[in-house]
Amino acid sequence: MSESIYPPSPEFSSQANVPSMEAYEALYEKAREHPEAFWGELAEKELHWFEKWNHVFEWNPPFVKWFAGGKFNVSYNCLDRHLATPRKNKIAILWEGEPGDQRMISYQELHRLVSRFANVLKGLGYKAGDRSIIYMPMVPELPIAMLACARLGIIHSVVFGGFSAEALKARILDLEAQLVITADGGFRRGKEVRLKDAVDQALNDCPNVKDCIVLKRTNSQIHMQEGRDQWWHEIDKDASEDCPAVPLDAEHPLYVLYTSGTTGKPKGILHTSAGYLLQTTMTMKWVFDLKEEDTYWCTADIGWVTGHSYTVYGPLAAGATSVMYEGAPDYPAVDRFWRIVEKYRISILYTSPTAIRALLRQGDSWPNSHDLSSLRLLGSVGEPINPAAWEWYHRVIGKGRCPIVDTWWQTETGSIMIAPMPGAVPAKPGSGTLPMPGIIPEVVDFNGNPMGDGKEGFLIIRRPWPGMLRTIWGDPDRFKEQYWSRIPGIYFTGDAARRDSDGYFWILGRVDDVMNVSGHRLSTMEVESALVHHPAVAEAAVVGKPHEITGQAVCCFVTLKKGDWDHDQLGKDLRQWVAHEIGAFARPEEIRFAESLPKTRSGKIMRRLLREIVTTHTVTGDVTTLEDINVLSRLATQHDED
Ligand code: PRX
């Protein structure tokens, strides 16, 4: 197969933080041969410590500690240490609301706002180790709340504003949070997303929540519960602006972020402090080639890990100007992204293949009517980017000038693992290219034996890395079982991949029952358990179906309880039901009613066959364990009749 290769231009390389393949290889070799020296030196140079660590890392598989014994604070590293430098008056957060309102918050101002809000939390009695849930729109108070928690050591869990009250409740209960930070609502496509209503509904079943702080954003009518709910602007107005960052253990938990696994119950991925911040900071410099004068925009919502690591923690620790936008990319028109790039002279743009494909479909005239000449680097994350979308991004958005960094990583990995260093590593559209220093990925078979170049297998990571998840909140057994038992002692990513003869990695997608819809991870089981809660549904099987824009779409096979059902209406109801149970982003694309589902003789639904039906419309795989072969032919014919 012939493939295009895009080497960095000499102009880009000559100014890059990592300017050549030799420079990349030297970093990679040093990290591989001398990990303690490599990470120890960077930790000392790049971060502020209240007290130095005893050991760079301690590895008791599958548990790791980085910089144990060190005293550290993430909020201090993102704010205070910049105040003694010229960054003091640099814009830290450059924000635009969907209606067009703007805020530009300098490092100095952000430090003041965070300190004030941290004092509010302290005044309410919260301290290191307590847990808060943050359920907010994309407004500056979201990172302010995160950094205020981090300042005191309160473990935060941001719940994406698109999640439903049910999903929010499950997270509050699992985390045993006592504090919820939210807003009346946010703006999306010109409409209000009524966050506080969802919080009220969730809190009906969360007796442990003592306090709920509510930011006024949309100014709409909401219910405030006496004794529990307080307005942000009221409790914040007289708070002191002096709130020293608490020196915490380097391994103090920073946040829990829930993500979908292979069961119906989301996993609370736990990240800790110093190792996480070191790796997010370094990847800002290595992958995004960050310079002091850059205006950097990661379009991800902070409710997902990309927003945590690359809108908040990485950029602020690296002293960047991080752009935040509240709303939808197509509001009021499909050129909103390009307007923002032009208006703020964005130099680094980091977005998802789904967004790229959706914008590509609108035609070149939208981006072409804006001045995008400030861009110098483009990034992609969350799902495989197909070469056609890559080429368009490169040609129409980057005008052939800007390198593209296709970054592979996961909620669990905390920061970018495989991506080109743009001044050093030639890109191949569709490949994440080469691993970051300190990351040792490999493609292996079921027994952990390396596959030869060009062969597909499971992607694993051989050694612990600073930003890796430490456990699953409240469930260390699931942590061991999920990531470290498939091939004992080795991190199992859940992705299939192959490596080519240049050592480049090509990610082929998930090998488990996890779908990737618009770059958002969603478990088939989660959708199935939502469906079977509906009174009409007897059984459900859910698979991801290839989709031109969103990568995958949710396709549900459903059998019904006895009754006289109107399939058209019920199909609509069930789509709405899933949106209500999980969140609008999980709304199925398709509901197919079936008399029965293909099962093994022991009664297990054979999703593999359903996946084949929705992907190829035929079944070629092994069906010897299938209970009733006729079920399959009926399901396949049903499609032909559609
Ligand atoms: O399958 C991979 C895919 O997204 C999964 C991780 O999802 P999540 O934890 O939600 O994090 C998304 C943002 C980091 C991976 O297991 N994935 C992520 N980035 C890429 C990707 N697949 C291909 N190429 C990528 N660049």
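Analyst: Helix pairs are classed by angle: under 35 degrees is roughly parallel, over 145 roughly antiparallel, 65 to 115 roughly perpendicular, the rest oblique. The model here is predicted, with pLDDT of at least 70 needed for local features and 80 or more for side-chain atom pairs, while totals for chains, interfaces and linings use all residues. Residues count from 1 along each chain as its sequence is written, and side-chain values use heavy atoms, without hydrogens and water.

User: At what angle do α10 and α11 pack?

Analyst: Helix α10 (residues 274-286) and helix α11 (residues 305-317) pack at about 85 degrees, their axes 8 Å apart. The two are therefore roughly perpendicular to each other.

User: Which residues of α10 and α11 meet?

Analyst: Contact means heavy atoms within 4.5 Å. From α10 come Tyr276, Leu277, Thr280, Thr281, Thr283 and Met284; they meet His308, Ser309, Tyr310, Tyr313, Gly314, Pro315 and Ala317 of α11.

User: Which residues of α7 are buried?

Analyst: Buried means under 20% relative accessible area (1.4 Å probe, protein chains only). In α7 (residues 165-175) the buried residues are Ala165, Ala167, Leu168, Lys169, Arg171, Ile172 and Leu175. Glu176 follows α7 and has a positive phi, near 50 degrees.

User: Which residues come nearest to the ligand?

Analyst: Thr407, Thr411, Asp495, Arg510 and Arg521 come nearest, out of 16 residues around the ligand (a heavy atom within 4 Å).

User: Where are the polar atoms of Thr411, Asp495 and Glu383 relative to the ligand?

Analyst: An N or O atom in the Thr411 side chain is 2.6 Å from a ligand oxygen atom. For Asp495, a polar side-chain atom lies 2.8 Å from an oxygen atom of the ligand. Glu383 instead presents a polar backbone atom, 3.4 Å from a ligand nitrogen atom.

Conventions:
Axes are lines fitted to C-alpha atoms, for helices over the stretch in contact, and angles run from 0 to 180 degrees between N-to-C directions. Helices (H or I, at least four residues) and strands (E, at least two) are DSSP runs, numbered from the N terminus. Buried means under 20% relative accessible area, exposed over 50%, partly exposed in between (1.4 Å probe, protein chains only). A polar contact is a pair of N or O atoms within 3.5 Å; within protein, one must be able to donate a hydrogen and the other to accept it, and residues adjacent in sequence count only if both atoms are side-chain atoms.
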